[in-house]
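Here are my comments for a colleague who is new to reading structures of this kind. Please keep the sequence and the 3D view open while going through the numbered points.

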There are 2 protein chains.
Amino acid sequence: MPELRKDPITGRWVIISTDRQKRPNDFRLERATLIGGEYCPFCAGHEDMTPPEVLAFRPHGQPPNGPGWDLRVVPNKFPALQVEGNLDREGEGMFDRMNGIGAHEVIIETPDHTRSLATMTEVEIERVLWAFRERILDLKKDTRFRFILVFKNHGAAAGATLEHSHSQLIALPIVPDFVREELEGARRHFEQKERCVFCDIIRQELAAGRRVIHENADVVAVAPYAPRFPFETWLLPKGHGSRFEEASRPVYENLARMLKSVLQRMNRALENPSYNLVIHSAPFSDARAEYYHWHVEVLPKLTRTAGFESGTGFYINPTSPEEAAQVLRAAKV
Amino acid sequence: MPELRKDPITGRWVIISTDRQKRPNDFRLERATLIGGEYCPFCAGHEDMTPPEVLAFRPHGQPPNGPGWDLRVVPNKFPALQVEGNLDREGEGMFDRMNGIGAHEVIIETPDHTRSLATMTEVEIERVLWAFRERILDLKKDTRFRFILVFKNHGAAAGATLEHSHSQLIALPIVPDFVREELEGARRHFEQKERCVFCDIIRQELAAGRRVIHENADVVAVAPYAPRFPFETWLLPKGHGSRFEEASRPVYENLARMLKSVLQRMNRALENPSYNLVIHSAPFSDARAEYYHWHVEVLPKLTRTAGFESGTGFYINPTSPEEAAQVLRAAKV
């Protein structure tokens, strides 16, 4: 059974996922070759290589777990958390733990092994967003969960082990540290000014223009003022809202459009980088969270200093966001 | 001029180090080959390949910047921060910035290219600790600085670009985020209980034993209860003290001994892993910091999921600290 443990100093929760455990000898850094081709469990026709689907979009109404789908969501075959059981929160002396209860699902974004989020059509990307929404709304009903993390690791350097385009979703009984920090900061700003800090950022960035990468009716892509990573990009919905799953259809449409534009620009300017994509959205344990503003962060994995940085959370970034924005703005789509 | 910028949401400071800037095309992930051999600027006889030394231990009193040394400290040739100038703190609308003023030094731990911290003698390792101390005490006099980060990237996967054994030191006009978090947590515990949280952890871990890797008169090495990374190891001085540079000679001796023991165990059990080592010590902007307990963290770089984790600060760890401690305890030194 995986476990959730809380660091008694910082309050940071981590997942100790012993079911995925490797023996010490297995820890040599793997080569950056991804599983592909005939062994790919995500390709059309290989449906029996995954656990049974929890959601699928099938235009012609074929039966589940066979071919004919546009998008499938399946439980992760090697889940970091386990969906059955009780949390059993308990103390171990001064330490806090609970069972590693949670859902860990994979969104197979396309049946076609050769496509990526950057090369899919806008309609196909939007479908992925609707799948996120549908899974979030479903998992939200489970009162054991407080937060759903939707993310994508693209490329080996970003932590992907499979080549076929997919995203992941983890439903958690805790709010992860990076979300807590953002929430606290946004709440502080809201309490002081009665304004959303993200709305303030959007206004200031649109007025200044220097860090704006691209803009459409509902979404603006900016290089944030204090980026941790070179070419870090935030996709901010212009309208205020605290939760991804509560956005309206035009926002999803325009987010899909913006995602395609940003990823294509990165592919062009940075030679198809690996990247992490993370949806930042308010936890549902916080009923209103009016101070928070959901958004998407795309973090290209370009430098290899992440050893130090992931150990300290202290970032040295060799590229200014002004230059990053300029390069991505200029990249032909 | 490098710049320090503050994220307006989380309050996290980052260094935008444009002097080290790479062009977009230079961002392809480099191969994991380290600079070595005749091109190594840190080998004895290559003293003219580094900036002039700021400290050296030379047993026979030879002149500076030539051979005959046991240890040298030199400014980093490609510093993340610049030592000359004023901070010029200013706002840019809602954003906060200051000039990237700071020191960035390299501690060349040995003249011998073939040695590492794990294979150096205890006396040699202790010498490295004394060099850290001496540089910290010197840089502390500069009132522009609030924190000194002492760290080591060993191996390409941990972010090292040079093979020759060395550590780094960065003096900062801000307190980095990961330190702030720890300080706040420790302060909270101290306010509630009038006890140091690290002292409490040491007492509990020594009583339980399951996560203890090794212990000597002054230092205990433990696998922390909620580790972010497989085989994450903390070296905690048993006596309470908030600052590395205020420790006593026996503590340095026993820390050197413990470092050697832990690194050798890791080399044996994990096949010479890359690792990051970070000294956690109270900022000198906080005069007393009685609630804080300095220590050393060693973070082996074994998994390649760091893409996701460095982007979110959310950690999934496939190895329990109990198993990690057992493996490292059993590793023959």
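In what order do the ten strands of the open sheet in chain B follow one another? The first point takes up this question, and throughout it should be kept in mind that the model is predicted.

1. The order of the ten strands in this open sheet of chain B is β3-β4-β7-β9-β8-β13-β14-β12-β11-β10, and the pairing is antiparallel. At the edges stand β3 and β10 (212–215) of chain B, each of which pairs on one side only. If direction is ignored, neighbouring strands of this sheet are turned by 20° against each other on average.

2. At the β3 end of the sheet, strand β3 (residues 55–57) of chain B is joined to β4(B) by three bridges, and these strands run antiparallel; within this pairing, L55(B) stands opposite V73(B). Four bridges join β4(B) to strand β7 (residues 103–108) of chain B, again in the antiparallel sense, and here R72(B) has I108(B) in β7(B) as its bridge partner. Strand β4 (residues 71–75) of chain B is largely enclosed by the rest of the structure, because four of its five residues are buried.

3. At the β10 end, β10(B) pairs with strand β11 (residues 219–222) of chain B in the antiparallel sense over three bridges, and the bridge partner of H214(B) in β11(B) is A221(B). Helix α3 (residues 197–208) of chain B lies across β10, β11, β12 (233–237) and β14 (295–301) of chain B, and the helix runs at about 75° to β11(B).

4. One residue that I would ask the reader to find is R127(B), which lies in helix α1 (residues 122–139) of chain B. Is R127(B) buried or exposed? R127(B) counts as buried because it has 20 C-beta neighbours inside 10 Å, and 20 or more is what the term buried requires here. Leaving aside its neighbours within four places in sequence, R127(B) is in contact with F57(B), D70(B) and L71(B). By contrast with these contacts, K77(B) is 50 residues from R127(B) in sequence and 23 Å from it in space, C-alpha to C-alpha.

5. Turning to chain A, the domain assignment gives domain 1 (3–174) and domain 2 (178–330), and the C-alpha centres of these two domains of chain A lie 22 Å apart. In chain A, 23 residues of domain 1 are in contact with 24 residues of domain 2. On the side of domain 1 of chain A that touches domain 2 of chain A, α1 (122–139) and β8 (147–154) of chain A each supply at least two residues, and α1(A) gives the most, with nine residues. Sorted by class, that side of domain 1 of chain A has 14 nonpolar, three polar and six charged residues.

6. How many residues does each chain bring to the contact between chain A and chain B? Chain A brings 74 residues, and chain B brings 74 residues. On the side of chain A that touches chain B, helix α5 (residues 306–312) of chain A gives the most, with seven residues, and by class this side of chain A has 36 nonpolar, 21 polar and 17 charged residues.

7. The relation between the two chains deserves a careful look: chain A is superposed on chain B (RMSD 0.0 Å) by a rotation of 180° with 0.0 Å of shift along its axis, which means that they are related by a two-fold axis. In chain A, the C-alpha nearest the axis belongs to S310(A), at 2.4 Å from it. Both copies use the same surface, since 100% of the contact residues of chain A recur in chain B.

8. Finally, a second sheet includes strands from both chains: this open sheet of five strands has the order β5(A)-β6(A)-β1(A)-β2(A)-β15(B), with mixed pairing. Its edge strands are β5 (90–92) of chain A and β15 of chain B, each pairing on one side only, and the twist averages 30° from one strand to the next. Within chain A, strand β1 (residues 3–6) and strand β6 (residues 95–99) pair in the antiparallel sense over four bridges, with M98(A) in β6(A) as the bridge partner of L4(A). Between the chains, strand β2 (residues 13–16) of chain A and strand β15 (residues 315–317) of chain B pair in the parallel sense over three bridges, and I15(A) stands opposite I316(B) in β15(B).

How values were computed:
Residues numbered from 1 in each chain as written. Chains lettered and ligands numbered in written order. Predicted model: local features only at pLDDT ≥ 70, side-chain atom pairs only at ≥ 80, totals over all residues. Contact = placed C-beta atoms within 7 Å. Nonpolar A, V, L, I, M, F, W, Y, C, P; charged D, E, K, R; others polar. Pairing = 2+ DSSP bridges. Domains from an automatic or database assignment. Least-squares fit on C-alpha atoms with pLDDT ≥ 70 in both. Axes fitted to C-alpha atoms, helices over the stretch in contact; angles between N-to-C directions. Buried ≥ 20, exposed ≤ 12 C-beta atoms within 10 Å, placed from the backbone.
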